[in-house]
Amino acid sequence: MRSGLIATKIGNSSYYYKDGRNTHVTVLKVDDCIVSNVKTLEKHGYNAVQLASIETNKDISNIKKPQRKMFSAINITPKKIVKEFNVDSDNILEIGTILGVDHFKIDQFVDASSFSIGKGFAGVMKRHNFGGLRASHGVSISHRSHGSTGQNQDPGRVFKGKKMAGRMGNKKVTKQNLKIIDVDTKNNLIILKGSVPGKKNSIIYLKDSIKK
């Protein structure tokens, strides 16, 4: 298990092969991912590589002291995202190492994690695909409601996890086994087949597929 990458979602597009076939893809931009810290099993209890990436508009004086010390130690400008990736003891990198788009190869499979698009407060028909109540006689202005939620005197309560109305989306989602169609080292772009969670400009965490 080796380190992943921090990327930014540019958007969706179509990719055309040389034989004329096309497929839907997601375009990700990868800024330089700099190893800012290393965690070892002997000292911290686990092996991990901490990456810092994506420029921020904040001045170094507005950064919290622990992070300011970290950025100053390796002599880099403050970064927006700091993320740890668990690695094997054989894949621990030195502090200051820079990872780019060439970290992944064409036709490789990766897992992409991010937060899904938030939909706000939604009812059960939109959130859980409920059928709703009858649209004919006998239903009084509750056609899109979820119906009864409780039980009889025993157990006399609503179980946790019951599918009801609530906030929809804005949850961490991981899509597995996404194939890398192309790697553009000139423009620092990775083109993935299919879709990844999140909207445009979302932060995406890429790592080697655990199933393939």
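Which residues touch the most other members in the largest nonpolar core? I started there. I remind myself that this is a predicted model.

**Entry 1: the core**

I looked up the largest nonpolar core and found 29 residues in it. I6, L51, I190, L192 and L206 touch the most other members. Next I listed the elements that give two or more residues to this core. They are strand 1 (5–16), strand 3 (33–39), strand 4 (48–55), strand 5 (79–86), strand 7 (109–115), strand 10 (172–184), strand 11 (189–193) and strand 12 (203–208). Strand 12 gives the most, with four residues.

I then took L206 and set aside its neighbours within four places in sequence. On the N-terminal side of the list I noted G4, L5, A7 and L28 as contacts. L206 is also in contact with F85, F104, V110, D111 and A112. I190 and L192 complete the list for L206. Both I190 and L192 are also among the residues that touch the most other core members.

**Entry 2: the whole chain**

I counted secondary structure next. The protein chain has three helices and 12 strands. I checked the radius of gyration and got 23 Å, where a compact globule of 212 residues would have one near 17 Å. Along the principal axes, the C-alpha atoms fill a box of roughly 70 × 50 × 35 Å.

How much of the chain counts as buried? I found 33% of the 212 residues. The exposed surface of the protein chain is about 13800 Å², and carbon and sulfur atoms supply 48% of it. For contacts with a separation of 6 or more, 70% come from residues 24 or more positions apart.

I also looked at charge. The chain carries 37 positive and 17 negative side chains. The centres of these two sets lie 14 Å apart.

**Entry 3: helix 2 and the loop after it**

I went to M70, which sits in helix 2 (residues 65–73). Is M70 buried or exposed? I get a relative accessible area of 15%, so M70 is buried. Its touching partners, not counting residues up to four places away in sequence, are S36, Q50 and V82. S36 is 34 residues from M70 in sequence, yet the C-alpha atoms are 6.9 Å apart.

I74 follows in the loop between helix 2 and strand 5. Beyond its neighbours within four places, I74 is in contact with I34, V35, S36 and I95. S36 thus appears in the lists of M70 and of I74. I also took the C-alpha distance from I74 to N37 and got 9.5 Å, across 37 residues of sequence.

**Entry 4: N86**

I placed N86 in strand 5. Its relative accessibility is 47%, so N86 counts as partly exposed; the exposed class needs over 50%. Outside the four-place window, N86 is in contact with M1, R2, Y46, N47 and A48. I then checked N86 against G131, 45 residues apart along the chain. Their C-alpha atoms are separated by 43 Å.

**Entry 5: S116**

Where is S116 found? I located S116 in the loop between strand 7 and strand 8 (120–122). Its relative accessible area is 19%. The cut-off for buried is under 20%, so S116 is buried. Leaving out residues up to four places away in sequence, S116 touches G169, N170, K171, V173 and G198.

**Entry 6: backbone checks**

I looked for residues other than glycine with positive phi and noted I54 and I141. I54 has phi near 70 degrees and lies in strand 4. I54 is buried, at 11% relative accessible area. I141 has phi near 50 degrees. I found I141 in the loop between helix 3 and strand 9. Its relative accessibility is 83%, so I141 counts as exposed.

Which residues does a cis peptide bond join? I found D154 and P155, with omega about 10 degrees. P155 lies in the loop between helix 3 (124–127) and strand 9 (166–168). I141 has its place in the loop between helix 3 and strand 9 too.

Definitions and conventions. Residues numbered from 1 in each chain as written. Predicted model: local features only at pLDDT ≥ 70, side-chain atom pairs only at ≥ 80, totals over all residues. Heavy atoms only, no water. Core = buried A, V, L, I, M, F, W, Y, C linked by side-chain atoms within 4.5 Å. Buried < 20%, exposed > 50% of the residue type's maximum accessible area, 1.4 Å probe, protein only. Contact = heavy atoms within 4.5 Å. Rg over C-alpha atoms; globule rule 2.2 N^0.38 Å. Areas by Shrake-Rupley, 256 points an atom, 1.4 Å probe, with all protein chains shown as cover. Lys, Arg positive; Asp, Glu negative; His and termini not counted. Charge placed at Lys NZ, Arg CZ, Asp CG, Glu CD.
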